[in-house]
Amino acid sequence: MKLETKTLKEKRMHYCPGCTHMTIHKILADTIDELGIKEEAIGVAPVGCAVLIYEYFDCDMVQAPHGRAPAVATGMKSANEDNMVFTYQGDGDLASIGTAEIIHSAVRGENLTTVFVNNAIYGMTGGQMAPTTLIEQITTTTTKGRNSKDHGYPYKISEQIANLDGASYVSRQSVHNKNAIENTKRAIKKAFVAQQNKEGFSLVEILSTCPTNWGLNPKQSIEWIEKNMLPIFQTGDLKTTD
């Protein structure tokens, strides 16, 4: 069957069964197609589960060191002001190793768009606790569950970025059902339009599954988002120019 999305290649993806990176790839590619920006798009992805994203997107892609995608994207945008530059980052990358890079990109008001995939765990490197891991969530480094005394609290980095003057549009969405997917697509489109209008930094956080490291099947993983993630990471626009 032919893919309708021009920006995605017809290639089998490497993600685990039930991983919603695949859903987010489709949403992002569809949005790029709808806006007609495929030839102008430059994506930057660091180390993480999406490290092979350049194999799947039929637009210019650059790979960055772990956490450094915003810094690389800043260079790409500075050299190519008319291009639509975006980063695609996970929570262990953006909210931990690359915290300085993402915060200062927003502080400077870099005219970039970031797609931030939050599955509350380090996916590729073995299921360790991430900054976004929930209280009582079991990981390979919190075998009895995360507790605030020893490990602190889940990092709501989108709320922090929304308070920065250089950020123009910040939204948190999810992909746990059809309505959530539609809302995610609207948010990504708004983020790209903000870049087109030169409004400054834009970010869309997306709550995503990690069945393998959560120890759940795909259906249970969707239910886990609804039961556990949505009450902590509430969805909706956190900052908008509308």
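**Figure 1. Lys-185 and the residues it touches.** Setting aside residues up to four places away in sequence, Lys-185 touches Ile-27, Asp-30, Thr-31 and Glu-34. This is a predicted model, so treat each view here as a look at a prediction. Lys-185 itself sits in helix α7. Is Lys-185 buried, exposed or partly exposed? Its relative accessibility is 24%, so Lys-185 counts as partly exposed. For a sense of distance, take Val-175: ten residues separate Lys-185 from Val-175 in sequence, and their C-alpha atoms are 9.7 Å apart in space.

**Figure 2. Leu-35, in helix α1.** Helix α1 covers residues 21-35, and Leu-35 is found in it. Which residues does Leu-35 touch, once those up to four places away in sequence are set aside? They are Lys-189, Phe-192, Val-193 and Gln-196. If you look for Val-117 as well, you'll find its C-alpha 22 Å from that of Leu-35, with the two positions 82 residues apart in sequence.

**Figure 3. Strand β6 and its two sets of side chains.** Here's a strand that is mostly covered: seven of the seven residues of β6 are buried. In a regular strand, side chains alternate between the two faces of the sheet. Now see how β6 sorts its own side chains: Phe-201, Leu-203, Glu-205 and Leu-207 point one way, while Ser-202, Val-204 and Ile-206 point the other way. Both sets are buried.

**Figure 4. Strand β6 paired with β5.** Start with β5, which runs through residues 167-174. Eight of its eight residues are buried, so β5 is largely enclosed by the rest of the structure. How many bridges join β5 to β6? There are seven, and the two strands run parallel. To trace the pairing by eye, pick out Arg-172, whose bridge partner in β6 is Glu-205. Ser-174 gives you another pair to look for, with Leu-207 as its bridge partner in β6.

**Figure 5. Strand β6 paired with β4.** β6 also pairs with β4, through six bridges. These two strands run parallel. A handy pair to find is Thr-114 and Leu-203, since Thr-114 stands opposite Leu-203 in β6.

**Figure 6. Ser-158 and its contacts.** Look in helix α6, residues 157-162, and you'll find Ser-158. Is Ser-158 buried or exposed? With a relative accessibility of 0%, Ser-158 counts as buried. Leave out its neighbours within four places in sequence, and Ser-158 is in contact with Phe-116, Val-170, Arg-172, Leu-203, Glu-205 and Leu-238. You've already met some of these residues: Arg-172 and Glu-205 are bridge partners, and Leu-203 is the residue opposite Thr-114.

**Figure 7. Two loop residues with a positive phi.** Most residues other than glycine have a negative phi. Glu-136 goes the other way: it is not a glycine, yet its phi is positive, at about 75°. You'll find Glu-136 in the loop between β4 (113-118) and α5 (148-151). Its relative accessibility is 65%, so Glu-136 counts as exposed. Where does Lys-198 sit? Its place is in the loop between α7 (178-196) and β6. Phi of Lys-198 is near 60°, again a positive value in a residue other than glycine. Lys-198 is exposed, too, with a relative accessible area of 61%.

**Figure 8. Helix α4 and the glycine just after it.** Helix α4 takes in residues 99-107. Which residues of α4 are buried? They are Thr-99, Glu-101, Ile-102, Ile-103, Ser-105 and Ala-106. Just after α4 comes Gly-109, with a positive phi of about 70°.

**Figure 9. Stepping back to the whole protein.** After the close-ups, here's the overall picture: the protein has nine helices and seven strands. Its C-alpha trace spans about 50 × 45 × 35 Å along the principal axes. A compact globule of 242 residues would have a radius of gyration near 18 Å, and the protein's 17 Å agrees with that. Buried residues make up 52% of the 242. Among contacts with a separation of 6 or more, 67% are between residues 24 or more positions apart. The accessible surface comes to about 10,800 Å², and carbon and sulfur atoms account for 51% of it. As for charge, there are 24 positive and 27 negative charges, and their mean positions are 4 Å apart.

Definitions and conventions
Residues are numbered from 1 along each chain as its sequence is written. This is a predicted model: local features need pLDDT of at least 70, side-chain atom pairs count only at pLDDT 80 or more; totals for chains, interfaces and linings use all residues. Side-chain values use heavy atoms; hydrogens and water are left out. Helices (H or I, at least four residues) and strands (E, at least two) are DSSP runs, numbered from the N terminus. The radius of gyration is taken over C-alpha atoms; the globule rule is 2.2 Å times the number of residues to the power 0.38. Buried means under 20% relative accessible area, exposed over 50%, partly exposed in between (1.4 Å probe, protein chains only). Contact means heavy atoms within 4.5 Å. Accessible areas come from the Shrake-Rupley method with a 1.4 Å probe; for residues, only the protein chains shown count as cover. Lys and Arg count as positive and Asp and Glu as negative; His and the chain ends are not counted. The place of a charge is taken as NZ of Lys, CZ of Arg, CG of Asp or CD of Glu. Two strands pair if DSSP finds at least two bridges between them.
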